[in-house]
Amino acid sequence: MKRTAVGAALLLLLPLTACGGNAAAGGDGSTVTVTVGYQSKTINTVTAGTLLRSLGAFEKELDGLHDGHTYKVDWQDYATGAPITAQMTAGKIDIGSMGDFPLLINAARGRQLNRPTRLVSVTGYNLRGGLNTIVTAPDSKIGSLAGLKGRKVSTSIGSAADGTLIRALQRAGIDPDKGVQKLNQQPAVGASALSAGSADALSQFVAWPGLLAYQGKAKALYDGAELNLPTFHGVTAREDFAQKRPAVLEAFLRAQAEATDYLDAHPVAAAEKVAEATGLPAEVVYLYNGAHGISTFDPAVKPRLVSALKQDVTILKAAKLTGDVDVDAFVDDRYVRRALGAAYAEHLATRPAAAAGEVWSKGAQQTRTFKSPARLLSYVAEHKTAIRAAYVPDATTGTLWFADKAVWVNDGGRLLPFVAPATAKAYVTGHTGARAITYADALRRAS
């Protein structure tokens, strides 16, 4: 190793006297600052970030510890998980939240730099992979993954969305390294590149695909749920912090559970709170975090998600982003088990809500649920000026999408929505008489 590299590594390992989890510099040791890294606009993590912060639940839990310390929470907002990992391995962040692929990199970097971290809870998940989507420009002629061959695709290398892109291209028979020109960009930069035409497609995580579709700046090309592999975001903590202040970590996890309960009980109000804090449209937040949204929130570390995490290691190793990762050693649910007590078994047993369409009317504090797309469309047709947003689940994957952005198919009078054109085409090919129709035609047929 070069001398400069050794020096940089040593700097990363030096303890920082004013970092999170330590007594405030210059104080008497009674004030403790806990530093939390989160991604405000990655709204699959809101129960450990944006919503949790807006509710003040963590601060309330810390006030209730009565252990002789005064606690201060330093919330640090980032666009992706990579800088959170960098800050954690430098000893500057105590608790962070990020997606499954970044979590594995977090584990690998922590071990490499002798700053081990542990996955202590889950925020939001989708059992089929619907949290990641590949989109193209609204006027793009690309209709399937095959059309990406030789094209420029923006993604964030090492992110969950990058993992979806790699797997999707592989299944389509395209070499993810040589078959496309991959652009390593932050989500906002990639969104701008797509709009400017310097990228032909964008593979990103929640909430970027939904946001761009809602704004009319993109359309879905590939629904990550077609992979039928779980994807999730979770909470990671530095091992030394967890061991030194287990009561603080458990207070965080109780607060996370409280934020989860609030989101489940008040999904519309929660969407409004997150929208206010992030600047994202509440309609986009609800697409992912609503009662039947793409994401299901639960702090329990479910075995199925751990199993999926182990499968992700292969992708990261092939991309030379990590070596072997001991997932079993990385996962540590002791703290969340203690935080939730007897309720933890109930959390482990929870399952996502059944797929259903929803209509959010203007001024309403709750949505209307519809069991069939036709009934939802009929209601929308009758109340056009009063509709704030309408959501429908993909007929194949169950992924929720905006009704007016979905690809619609008429199959013998049945009106079926799909997130992506290729999925709709596959359905039409396999069902004699089925054909694609416009959203306006679907509304007319339902009214």
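**Entry 1: strand 14 and its partner**

I started at Trp 360 in this predicted model. Its bridge partner in strand 14 is Ala 389. I then looked up the strands around that pair. Strand 12 covers residues 357-361 and strand 14 covers residues 387-393. Four bridges join them, and they run antiparallel.

**Entry 2: the four-stranded sheet**

I traced the sheet next. It is open, has four strands and follows the order 13-12-14-15. The pairing is antiparallel. Which strands stand at the edges? I found strand 13 (368-370) and strand 15 (400-402) there. Each has a single partner strand, so one side of each lacks a neighbour in the sheet. From one strand to the next, the twist averages 25°.

**Entry 3: the six-stranded sheet**

I moved to an open sheet of six strands. I read its order as 2-1-3-10-4-11, with mixed pairing. Its edges are strand 2 (70-77) and strand 11 (296-297). Each of these has a single partner strand, so one side is left without a neighbour in the sheet. I checked the link at strand 11. Two bridges join strand 11 to strand 4 (residues 117-126), and the two run antiparallel. Gly 124 stands opposite Phe 297 of strand 11.

**Entry 4: nonpolar cores**

I looked up the cores last. The largest nonpolar core has 102 residues. Val 34, Ile 43, Phe 58, Leu 249, Phe 252 and Tyr 288 have the most contacts inside it. Helix 10 (residues 246-265) gives this core its largest share, nine residues. Another core, of 18 residues, lies apart from it. I noted Phe 370, Ala 381, Ile 387 and Leu 443 among its members.

Conventions
Residues are numbered from 1 along each chain as its sequence is written. This is a predicted model: local features need pLDDT of at least 70, side-chain atom pairs count only at pLDDT 80 or more; totals for chains, interfaces and linings use all residues. Side-chain values use heavy atoms; hydrogens and water are left out. A nonpolar core is a set of buried Ala, Val, Leu, Ile, Met, Phe, Trp, Tyr and Cys residues joined through side-chain atoms within 4.5 Å. Buried means under 20% relative accessible area, exposed over 50%, partly exposed in between (1.4 Å probe, protein chains only). Two strands pair if DSSP finds at least two bridges between them. Axes are lines fitted to C-alpha atoms, for helices over the stretch in contact, and angles run from 0 to 180 degrees between N-to-C directions.
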